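Let's take a friendly walk through this structure together. Have the 3D view open as you read.

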Protein chains: 2
Amino acid sequence: MKSDLSCLMQERGLDALVVIGPDGLGSANTAFTYFTGGAHVTNGTIVVKRDGVGTLVHATMERDEAAKTGLQLISASNYKMSEIIQQCKGDRLAARVEYTRRLFNDLGVSGRVGFYGADSVGSTFSFLSALSRAEFVEVITEYENDVISQARKTKDAQEVAQIRQACRLTEGVIGETRDFLQRHRVADEILLKQDGTALTIADVKSFIRREEAAAGLDDAGCIFAIGRDAGVPHSSGTPADQIRLGQTIVFDIFPRLIGGYYADITRTWCLGYAPDDVQAAYELVMKVHDDAAAAFNTQRFTYEFQDLACDIFEARGHRTVRQDIGVTNGYVHSLGHGFGLDVHESPGMSMKGLRPDEKMMPGTIVTNEPGLYYPDKGWGIRVEDDYWCNPETGEFECLTGFDRGLVVAM
Amino acid sequence: MKSDLSCLMQERGLDALVVIGPDGLGSANTAFTYFTGGAHVTNGTIVVKRDGVGTLVHATMERDEAAKTGLQLISASNYKMSEIIQQCKGDRLAARVEYTRRLFNDLGVSGRVGFYGADSVGSTFSFLSALSRAEFVEVITEYENDVISQARKTKDAQEVAQIRQACRLTEGVIGETRDFLQRHRVADEILLKQDGTALTIADVKSFIRREEAAAGLDDAGCIFAIGRDAGVPHSSGTPADQIRLGQTIVFDIFPRLIGGYYADITRTWCLGYAPDDVQAAYELVMKVHDDAAAAFNTQRFTYEFQDLACDIFEARGHRTVRQDIGVTNGYVHSLGHGFGLDVHESPGMSMKGLRPDEKMMPGTIVTNEPGLYYPDKGWGIRVEDDYWCNPETGEFECLTGFDRGLVVAM
């Protein structure tokens with residue numbers, strides 16, 4: 001969590017962190033929004049010295065939004081960029097290096113400086129290469145698991161409260177969606193609208209988006225896929241598809257509080273009734289789900305939970321991604337992942353070969369989402385809940401409570 | 001536009017483009033979505049050889065979404081990443097370099113290779129530094145105005161059609177919002193809800209979000225700011241503020257088609273009546289708006305249009321950002337900017353010192369958004385429309401038609 005940052009910086013010998021907030025990435029630049037919170041700051045730079053409060057360099061016309069962040073503030077206009085550009089004979093990259101030199105000088109930043117945030121690949125590599133050559137600080141970058149990702153691997157009480165709220169609101173949307181489906185009449189096993197035409201995936205998705213907006217959630221695109229599409233985990237669904245009884249619907253919804261924390265929940269529904277093979281597969285998925293949740297702890301490597309899932313599925317004759325990374329029929333993905341300001345964060349819960357040394361920690365929040373997929377048979381199943389390792393008890397608590405039932409009465 | 005890419009690559013001596021699509025950035029990674037279109041591909045890598053069709057390397061479980069892109073496809077699982085990681089003794093960065101070597105070898109990529117897309121600063125700098133050292137290709141990056149930004153500076157017919165649609169839907173939302181305000185009764189100059197409590201900015205924003213969702217637009221955060229807040233261009237508005245007659249409301253709305261192209265429109269409203277000084281300032285802003293639109297062409301530098309705006313405002317006694325980059329009362333920002341898949345794209349329309357050599361081109365789409373801001377007097381004004389330089393006629397056409405009137409009858 002954020003309070004670990006100064007320790008983590010010390011461990012890695014970092015004198016300062018610089019988080020780059022370029023225009024355009026907005027709330028997708030989560031290393032930046034980790035510090036700015038809900039304020040609508042579209043660009044800027046954050047500088048955090050070890051044991052120091054962070055400073056935000058912001059555009060003058062964003063001063064009100066900047067003030068909401070609680071960071072110390074400097075207006076970028078203090079640095080008169082157009083004069084610096086002129087001094088650098090129009091070379092905007094050289095000007096950015098010179099601007100950075102002046103800013104670091106004013107803030108007393110020197111030594112080993114780590115760089116974070118997201119930006120265009122071209123801007124990053126050109127700028128950091130030039131900054132390294134200028135040699136007034138030592139430019140440090142980490143390929144993965146950087147100091148900010150590491151801090152974000154555990155959530156503080158305020159973050160847990162926000163994720164709980166995101167889950168609660170998301171479950172409200174799931175419930176409204178189920179009610180919406182149930183309100184439709186059925187003819188020849190197909191759901192019909194008032195006007196007698198078939199309800200489509202596009203109609204349902206439009207309903208979901210409006211419910212999310214009404215709940216104060218940002219839609220990040222959801223999966224509502226039926227039949228064969230449900231058998232392809234990241235197929236988001238075919239807009240024109242009709243909603244037919246007895247077919248699996250994978251409904252994977254991952255909205256977030258506006259500009260903030262995600263929830264990530266999946267339910268699989270069969271409207272009216274479930275075919276026997278689907279019912280049996282669903283029960284096996286739930287067994288894996290429950291066994292994994294019961295096994296979650298912070299001592300074992302995360303690949304051991306993936307192994308647990310693969311062991312059970314393979315013992316029942318299903319192919320798994322552990323046997324073949326390109327498998328398309330069987331258990332085809334990892335068991336879960338951390339989330340927070342990003343929908344995928346550390347830790348991953350994948351195979352040993354891909355993630356050999358990850359563990360969960362007190363304060364970690366992860367999904368638990370085993371599934372079985374048989375696109376050629378026309379079905380797929382995934383059930384996903386969110387778990388938090390409560391640091392006070394060491395126990396994993398489930399943050400999601402929505403009914404997991406497969407069959408939705410019509 | 002996209003069809004210019006092969007020429008632009010030739011001019012810059014590039015043998016291939018690589019667009020990085022890391023997990024998590026989604027539709028904010030617009031160099032990536034420029035190639036994937038509306039498909040929900042959450043991660044992958046795009047490789048475009050000069051004069052060649054692009055290839056998308058995608059996750060196996062995203063194969064259906066990948067197929068919607070029209071790109072040639074390779075499943076990432078072909079490369080058995082866990083084996084490469086093992087060969088690299090668990091060094092995931094070294095494994096990515098080796099994976100890239102194998103991929104480039106299979107695709108026949110060599111020579112000068114440009115890198116694009118957005119990613120975390122740490123991942124980009126670590127990876128491209130390691131790739132440069134490996135020396136099997138020459139790593140090229142451009143700090144700004146890279147080959148993809150340059151292509152995107154002009155829009156093809158399909159893109160213009162999508163931006164037109166985004167504008168049309170956005171104008172629908174603006175109209176619904178005006179109707180919504182007008183439906184409220186007024187007491188003591190304050191808008192009241194059914195229950196007798198005051199309508200707030202938060203209520204209006206919630207209405208706007210629901211209307212956007214119903215229209216099939218992604219909300220990217222809008223500005224609905226009243227009174228003093230309207231005087232600070234990027235203040236997004238104070239949620240608890242009441243809606244009072246006679247105060248300026250700056251309503252700057254910039255949603256996009258789901259995962260796609262933006263519109264960017266601003267209206268300033270005074271409900272009931274406008275004070276005389278506001279009415280006079282509004283007329284001056286409209287004069288600048290109209291004079292600038294009439295002057296738009298592709299021969300002059302874009303800073304000349306900003307100069308035109310500053311000349312008019314200064315002649316009427318207003319301070320401008322040309323005189324003082326940190327100005328907070330007067331004309332405090334640039335005249336406009338390109339947009340498309342990003343809400344801010346090339347070309348900028350700022351001061352000569354910041355943007356000395358930009359011009360618009362046939363096919364460019366830009367905003368025209370002069371404004372006047374007096375936070376200390378409690379008001380601000382901005383009127384923003386979108387213009388497209390039609391390559392067939394050379395004329396700038398206004399893409400937005402919503403009534404620009406200041407006073408909204410109550």
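The report below goes from the single chain to its domains and then to the pair of copies.

## Chain A as a whole

Please keep in mind that this is a predicted model. Chain A contains eleven helices and 21 strands. Its radius of gyration is 24 Å, close to the 22 Å that the globule rule gives for 410 residues, so chain A is as compact as a globular protein of that length.

If you turn the C-alpha trace of chain A onto its principal axes, the trace spans about 75 × 50 × 40 Å. Of the 410 residues in chain A, 53% count as buried. Among contacts in chain A with a separation of 6 or more, 66% join residues 24 or more positions apart.

## Two domains and where they meet

The domain assignment splits chain A into domain 1 (2-151) and domain 2 (153-408). The C-alpha centres of domain 1 and domain 2 of chain A are 36 Å apart. Where they meet, ten residues of domain 1 of chain A are in contact with seven residues of domain 2 of chain A.

On the domain 1 side of this meeting place in chain A, helix 2 (30-36) and helix 7 (147-152) each supply at least two residues. Helix 2 of chain A gives the largest share, three residues. By class, that side of domain 1 of chain A has one nonpolar, eight polar and one charged residues.

## The two copies

Chain B superposes on chain A after a rotation of 180° with 0.0 Å of shift along the axis, at an RMSD of 0.0 Å. The two copies are thus related as by a two-fold rotation axis. The same surface serves both copies, as 100% of the contact residues of chain B recur in chain A.

Conventions: Residues numbered from 1 in each chain as written. Chains lettered and ligands numbered in written order. Predicted model: local features only at pLDDT ≥ 70, side-chain atom pairs only at ≥ 80, totals over all residues. Least-squares fit on C-alpha atoms with pLDDT ≥ 70 in both. Contact = placed C-beta atoms within 7 Å. Domains from an automatic or database assignment. Helix = DSSP H or I, 4+ residues; strand = E, 2+ residues; numbered from the N terminus. Nonpolar A, V, L, I, M, F, W, Y, C, P; charged D, E, K, R; others polar. Rg over C-alpha atoms; globule rule 2.2 N^0.38 Å. Buried ≥ 20, exposed ≤ 12 C-beta atoms within 10 Å, placed from the backbone.
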